[in-house]
Structure formats: C-alpha cells, structure tokens
Amino acid sequence: MKSLNFIIIKLTFCLTVGIILSHLFYTKLIYAFYFTIGLLFVLFIAHRIASWNLNKTIWFGLVAYILMVALGLLSYNTHQHKNFPAHYSNNKNVDITVSNDITFRIKERLKSTRYHHKYSVELQNINETHVQGKMLLNIQKEDRSSKQYNVDDILLIHSEFQEIRSPLNPNQFNYKAYLEKQYIYHQLFIEEHSIFEIQSESRSVLGYADDLRQTINTKLNNFNFKPEELAIINALILGQRQDMDRDMYTDYANAGAIHILAVSGLHVGIILMMLNFVLKPLEYLKRGKTFKVIIILILLWSFAVIAGLSASVTRAVTMFSIVAIAMHLNRPTNIYNTLSISIFILLLVKPMFLFDVGFQMSYLAVFAIVSIQPLIYKLWSPQWKIIDYFWQIFTVTIAAQLGVGPISLFYFHQFPSLFFISNLAIIPFLGLILGLGILVIILSILNVLPELLANAYGSLIGAMNYVVLWVSNQEEFLIKDISFEAKHLFSTYLLLLASILVYRKINFNRIAFLLISIVVLQGTIIYTKKSNTSEAFIIFHKSRYSVLGKKKNTNLKIYHNLDKTSLKREQLISDYKVGNFIKSVRYDSIYNVYKTSHKTLLVIDSLGVYKVSFKPDYILLRNSPKLNLKRVIDSLKPELIIADGSNYKSYVKRWKATCLKEKLPFHQTYEKGAFIIK
C-alpha cells in the first residue's frame, strides 16, 4: 500500500524492534549509549557521502534504520529503573532482606481487593538513605471504614520487602511479569495502625488531578446517583475504574463494550470535535486560530492528566494533538502517518507502553478502522441517511473487532458474538453521554447543577447499563475458554493483512503472500495439534484443598476434594484447560496411588496410612497427616516428598526440615508452585 510507504512508519517500526530486542535480551545501558552515539557518527558520514555522490545508495537509509533500532535499545534501558544509580536495588546501604524504615509517596490508587487497599508508591528514603524506585503497597483492611490515602500523601512504615510471587499453577496470569513492566519488583504489606503519615506541602500535577477527581465525586454524591452510575461516570469521563464492581466490569467485557469504559481515541475524538465547535468563534479574532489550537491542546492534555495519564488516554491525546495541529495548519493528514508519529513519540517517552494491552488494542483498533472499514462500507450504499448512519457505525464496529479480535482471544480467551448489538445501541449516543457528563461535572463543581439534569443523566447511564447487562446475560452467545497462543496471534494477523492487500488490489505478489499466510496458519494449527499429543500428571496448588490432574492428549481428568460451588468457579482448571488445548474434562475423587508411564505416586492423607507393597517414586502429603516422616522415608525410600496447599504451614515447615536433614528433595507447592510429572 502506498499509504504505508512513509519514512516515519519505517522509523517507528525500527524503534519498536529495538524496544522488543532490549526487552528480550539484556543490554547494559552504557553499551546501548555507545552504540547509538557511534551510529549517529556513521549516519553523519553516510549523509556527507550521499550529498557528494550523485548516485543514490542504500547505505544512508540502512544506517538510519539501524540507528532507530539502537534508539529503541537506548530508550528502553534509559527508562529501566534498575539502571538508575539511586535505585534501592543498587544501594549497598540498603538490605532488603530485613525490616527497614521506609518513606514513600503515593503515586496511584489501585483497585482494592477483599483484604487490602492497594497503591503504587514511589520510594523516597530507606533508613534515612535517599533512594529511588517503585513498589506495590498493600494496606490491610481493618473494617469497612478503613482510610484510603490520596495521591501525593507521604507515609512512613517499618516493614520488610517481599518478593512478588510468580504464578503457582501453569498457565495462570503472571502478575509478577505485569508489575515488572511497570518497574515494580517488590511489595510491602502493612496494617493501617502501623502507618505514620508525614505532612508535606509539595504536590505533583497528578496529585492536584486526584484532588479534583475527589472534589467531583464529593459534589456528585450530593445527588441521587446510584453507586453503579457513579462508577460508570468515573470510568467514562475521569478514567478511573478502581471503584467499579467486578460484576459490572465482567458484564461490559462479556457484552463486548469494555472499550467504552476505557478513555481512548473514541472519547478523545468526540471531545476534540466538541472543543473545535465551541471554540470556533475564536477564529474570527486576529491570530484566533493559533489561540484556538493552543487552548484545545491545553484542554486535551488537562483532560489526559485528570484521567490519570493511562496508556490509552495518553496515546489518544497525543494522536489527536497532532490532528489538531494539522487542522490548524490546514494541511491534509495521512492517518497512518499520524498514528506512527504518536507511537514514535510515546515509545520514546514511555517504551513500556509497547507491552500495555490497552495500548496494543487501541492502536490495532484504529489501524483496522482506517484500513478495513472503508472496504466493508463500500459493500452497500444505503439511500436513507439514518440507515447510512447506523451502517457506518456497524462497519466501524466490525472493522474494530477484526483488528482487536485476535489479540483479545490471546489475552482474554473469549469472544462476545453479540458485540455489535451493544455497540450499535451505545456508540450513537456516546457523544451525548460524554457531552452531558462533562456538563454535569462542570455544573456540579460550580454548585449550580439542577436536580432534574442530574436525574436525567443518571437515567441515561442506567439505560446504558441495562443494555449491557441484557447483552451480557445472553450467555449462549458468549464463547469462552478459547485456546489461542502467540503463534496463532501472529499467523492470524498475517492472514488478515494479506487478505486486505488482495482485496485492495489483486496481483501475483499479493496472491502469493495470501497463499503463504494461509500455509503459515495451517502449519501453526498442525504444529499445535502435534505438540499437544502428550501426557502429564499435575499436582496443582490450591489453598486448603487438593487438586490433581492427569492429561492425556486433549483430555484432562481432575481428582479433587472441592465442593460443587468451588469447582464451578475454579480458575486454575480453566487456565490449564485453555493453555493446553483441552477439549474434555472429567472429575473424580482422589485415589491413594497414581501410576504414570515412568513414575508411581503415593498419596498420604489425614489418616496417615501408607503401608504398601511397592516403593513409590514420589509421595504426596495432603490434609496434614500426623505421621513420622523420617520413618516413612526410611521404610519407603522415595525420590521426592511433595506437600500441596491443603496442609498446615507448621506441618510443612517440619517436613521440610526433616527432608533437609535426610538430604531428600522436598517440593512445597505454596513456594515452588504446581508439581508436574511429564
């Protein structure tokens, strides 16, 4: 496509490659710096040679692209907190294995769990030593009225650093890796009464934004908004989803409307159009167009700050800032160029945005809309304007779903087949919902919000929630537990790209590319089927319960002591099923002996009975059996002792000491995760 033949697109691609390479392979900051400086010097020489030589060569362009890869390496390592000299992990005076006096500033309030309020914090001092770094703070809830701290609050606690644990069961969400992408490597646990608050007059922009959000919520609480309506207002306009009920979030996800709650390009585009309309009278003043675009940029970035500068809103505001400037200069803009410029700027400033799910999905959605929607729209040209309006929305929705569908399957493993209903019902009115919402917020701050308008807006939000709930309840149209891996993701996007190219213009090269992409997808499917023809026996980690699994090809048999309610909502079984392409799952009670092709497992439960006529390779201790483990080891001579999550920790500690004394390997699922016999 000619529209993709722009230098900025190629440079952005090379920058992205550099960031990915730096993420996959460790590179020292100093090496990345010297590499970039050296390439800059080579680029200067190549430019001088090219200016003297009448014949064009590839060397200048090649060096420029390699320089962008190096710039990606440098950007990644420059923003890597562990490379900061003042980072707590690099300070020899800080011992993270013991309790310390820790002073930090609250940077962000995260979604609370059942037992803890959670915050992202920025360290200031450890034992009077100035340090840098981010951490996850968990404050234990003491009662329903537990205090919640604000952004920029400075707290002092005495605590030890705790590792963020890796997932204990196969195919589970890796929260540790997720936090590492936000430069968080440790966490703190503290009780509320052990926190000492330090007064500070210094405030950040995000702190003022948090104060404004709290003021807005205080004002809105004086009206008859329901909790779920306030949660939607906070998500839709203020970009805050911490207080959203889990069931409501699930309803929006199941209805395929979760993007409506994430402040992104759709919202910022509508806000830009409204600002452009409201400020149009400024154009009649001398230099009014310049003042207009400056005001628009200030208001857009103020909105981004209020919304918390999330990846999606930052991306959207960056892109539409470029669009606003182009509109001011009266220059035609190529959307692919605009998107690439915004990606380039964002990845230079925040390279870790590249690994943010919302960042990836929002860009894929926009790319799909601008490239696929026109092709679908041309299939039919309605004569009636109202029908044409909804046809445009429908084609935009289909195009966006094609763009984000594969990556959504990769991350969330489900497909809401009724997504177009919720989008057709909500998106036509989203401009009204956003405009009224901003008006309601402004009037509430000024204390002039009419009760009638507040009630009407609450009813509008309630109607939107009702539509989403109805679509979400059509469970037969929600396809769940879809197995989809990275290789399927890339091969699917390869096929989608090839199909678009062929649809636009048919020639030999594009047809060949399409056929190759089909072969790649088929090869991926065949490889997946072949790689899953294996057997495994898994001892999962489940607190207070025992869950064992036997996998044979695409079949899984679960042995457990869970009750029916717990079994129905057990996520670890669902995660393993999805991650290993399991087609059928059967359930049974726990046996005393299991045999695989190479190993024999003896299970000793709370009864403590273990008299057998064979020598087991492994012994599983479950439900805290009262036994003399040394005697068991002497009589049965196993290769390994395993303790699952159903045992008392005091028992496990004693068994671990015994195995250490007997020089016998000991596997505790609470520490080492699930035990797998392949």
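**Figure 1. The whole chain has the radius of gyration of a compact globule.** For 678 residues, a compact globule would have a radius of gyration near 26 Å, and the chain's 29 Å agrees with that. The model is predicted. Its C-alpha trace spans about 95 × 65 × 60 Å along the principal axes. The chain holds 24 helices and 20 strands. Buried residues account for 46% of the 678 residues. Among contacts with a separation of 6 or more, 67% join residues 24 or more positions apart.

**Figure 2. The surface and charges of the chain.** About 36800 Å² of the chain is exposed. Carbon and sulfur atoms supply 61% of that area. The chain carries 72 positive and 44 negative charges. The mean positions of these two sets lie 10 Å apart.

**Figure 3. Helix H18 and its cover.** Helix H18 runs over residues 486–504, 19 residues in total. From first C-alpha to last, H18 reaches 27 Å, close to the 27 Å expected at 1.5 Å a residue. The buried residues of H18 begin with His 488, Leu 489 and Ser 491. Tyr 493, Leu 496 and Ala 498 are also buried. Ile 500, Leu 501 and Val 502 complete the list. An α-helix has 3.6 residues a turn, so residues three or four places apart point the same way. The cover over the buried residues of H18 includes helix H13 (357–377) and helix H14 (385–412). Helix H19 (508–531) is also part of that cover.

**Figure 4. Tyr 503 in helix H18.** Tyr 503 has its place in helix H18. Beyond its neighbours within four places in sequence, Tyr 503 is in contact with Leu 375 and Leu 379. Ile 372 is 131 residues from Tyr 503 along the chain. The C-alpha atoms of Tyr 503 and Ile 372 are separated by 9.9 Å.

**Figure 5. Phe 35, a partly exposed residue of helix H2.** Helix H2 covers residues 29–52 and includes Phe 35. Is Phe 35 buried, partly exposed or exposed? Its relative accessibility is 40%, so Phe 35 counts as partly exposed. Leaving aside neighbours within four places in sequence, Phe 35 is in contact with Ile 66, Ala 70 and Leu 73. Leu 74 is 39 residues from Phe 35 along the chain, with 8.7 Å between their C-alpha atoms.

**Figure 6. Thr 16, a buried residue of helix H1.** Thr 16 sits in helix H1, residues 7–24. The relative accessible area of Thr 16 is 17%, so this residue is buried. Which residues are in contact with Thr 16, leaving aside neighbours within four places in sequence? They are Leu 347 and Leu 354. Ile 582 is 566 residues from Thr 16 in sequence. In space, 35 Å separates Thr 16 from Ile 582, C-alpha to C-alpha.

**Figure 7. Two loop residues with positive phi, Glu 128 and Ser 624.** Glu 128 lies in the loop between strand S2 (116–126) and strand S3 (129–130). Phi of Glu 128 is near 70°, a positive value in a residue other than glycine. Glu 128 has 80% relative accessibility, so it counts as exposed. Ser 624 lies in the loop between strand S17 (618–621) and helix H22 (629–636). Phi of Ser 624 is near 50°, again positive in a residue other than glycine. Ser 624 has 9% relative accessibility, so it counts as buried.

Conventions. Residues numbered from 1 in each chain as written. Predicted model: local features only at pLDDT ≥ 70, side-chain atom pairs only at ≥ 80, totals over all residues. Heavy atoms only, no water. Helix = DSSP H or I, 4+ residues; strand = E, 2+ residues; numbered from the N terminus. Expected span 1.5 Å × (residues − 1). Buried < 20%, exposed > 50% of the residue type's maximum accessible area, 1.4 Å probe, protein only. Contact = heavy atoms within 4.5 Å. Rg over C-alpha atoms; globule rule 2.2 N^0.38 Å. Areas by Shrake-Rupley, 256 points an atom, 1.4 Å probe, with all protein chains shown as cover. Lys, Arg positive; Asp, Glu negative; His and termini not counted. Charge placed at Lys NZ, Arg CZ, Asp CG, Glu CD.
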